[in-house]
Amino acid sequence: MSRITAAGPPSKRPPHNELDVSLRILASAVLLAALALAPLAVTGKPAASQAGRPLAAKLDRSRAGTLAPPVKFTTRDGDAATVANFRGKPVLVNLWATWCAPCIAELPDLDELAENRRASLTVLTISQDLGGWRAIDKFWTTGKFERIVPRLDAQGNYAQAVGAAGLPVSILYDAKGREVWRINGPVKWTSAEAAAALR
């Protein structure tokens, strides 16, 4: 009986079904808000206060050797993948969102990096937008970027699995899918410092 009423027309469904959906949306919103505020909570200072430090000093290697989580993300066509699908050369995962100004600011550099290093590095840009493809499509118009392709994890599962401390966060994995380092905050990916960090 419960399967019949749960799958029936909306006017006939029990109210707890709508509550379950509302709670999942609320939990996702809280997670993404926490990601946005995490740099302030972790350091007591906004992420921008670290701007004067050299890039090498900002790299967090505390999780080096950890395998990339088997969390799935999707392309616009609905194809699902995990970082493991891209093993064979190093992978740079960039977690971003359309509401995150520093995230948006570094996307052109990530696109250039992906073009310049296409033979030796895969760049995966994974959106954490709750609004899903509707939010991404408003920003990521056709021809906006040459090399990078948007991917989506609307529930923020990847960020949660890696313990991301804010957005943007970028994680470099080696060719076997093991973490090398991560960095919280935007990076000038076309700089000599970034090139040295990616060697």
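**View 1. Helix H5 has an exposed side and a buried side.** In this predicted model, Arg134 and Lys138 are exposed on one side of H5. Turn to the other side and you meet Gly132, Trp133, Ala135, Ile136 and Phe139, which are buried. Seen down the helix axis, these buried residues fall within an arc of 160°, so they line one face of H5. A general point helps here: an α-helix has 3.6 residues a turn, so residues three or four places apart point the same way. The cover over the buried residues of H5 includes strand S1 (73-74), S3, H4, S4 and strand S5 (150-152).

**View 2. Phe139 of H5 belongs to an aromatic cluster.** Stay with Phe139 for a moment: together with Trp96, Trp140 and Phe145 it forms one aromatic cluster. The structure as a whole has 7 aromatic pairs. In the pair of Phe139 and Phe145, the ring centres are 6.3 Å apart and the planes meet at 50°, so the pair counts as tilted. Both Phe139 and Phe145 are buried.

**View 3. The largest nonpolar core brings together helices and strands.** This core has 47 residues, and those with the most contacts inside it are Val83, Val93, Leu95, Tyr158, Tyr173, Trp181 and Trp189. At least two core residues come from each of strand S3 (91-96), helix H4 (101-116), strand S4 (122-127), helix H5 (132-139), helix H6 (157-162), strand S6 (169-173), strand S7 (179-184) and helix H7 (192-197). In soluble globular proteins, nonpolar side chains tend to be buried together. Tyr158 is a handy place to start looking around. Beyond its neighbours within four places in sequence, Tyr158 is in contact with Ala68, Pro69, Val71, Val83, Val93, Leu95, Asp153 and Tyr173.

**View 4. Strand S6 is covered on both faces.** Of the 5 residues in S6, 5 are buried. Val169, Ile171 and Tyr173 sit on one side, with Ser170 and Leu172 on the other. That fits a familiar pattern: in a regular strand the side chains alternate between the two faces of the sheet. S6 pairs with S3 in the antiparallel sense over 5 bridges, and Val169 of S6 is the bridge partner of Leu95. S6 also runs antiparallel to S7, joined by 5 bridges; here Tyr173 has Glu179 of S7 as its bridge partner. The hairpin of S6 and S7 has 5 residues between the strands, and Gly177 takes a positive phi near 85° there.

**View 5. Arg61 meets a part of the chain far along the sequence.** Arg61 lies in the loop between helix H3 (55-58) and S1. Although Arg61 and Trp181 are 120 residues apart in sequence, their C-alpha atoms are 4.6 Å apart in space. Not counting residues up to four places away in sequence, Arg61 touches Val180 and Trp181. With 47% relative accessibility, Arg61 counts as partly exposed.

**View 6. A disulfide joins Cys100 to Cys103.** A search of the whole structure finds 1 disulfide, and its sulfur atoms, from Cys100 and Cys103, are 2.2 Å apart. The link is right-handed, with 75° about the S-S bond. Are its two cysteines buried or exposed? Cys100 has 5% relative accessibility and counts as buried, and Cys103, at 0%, counts as buried too.

Methods. Residues numbered from 1 in each chain as written. Predicted model: local features only at pLDDT ≥ 70, side-chain atom pairs only at ≥ 80, totals over all residues. Heavy atoms only, no water. Core = buried A, V, L, I, M, F, W, Y, C linked by side-chain atoms within 4.5 Å. Buried < 20%, exposed > 50% of the residue type's maximum accessible area, 1.4 Å probe, protein only. Helix = DSSP H or I, 4+ residues; strand = E, 2+ residues; numbered from the N terminus. Contact = heavy atoms within 4.5 Å. Phe/Tyr/Trp six-rings, centres within 6.5 Å; stacked < 30°, edge-to-face > 60°. Pairing = 2+ DSSP bridges. Arc of directions from axis to C-beta. Disulfide = S-S within 2.5 Å.
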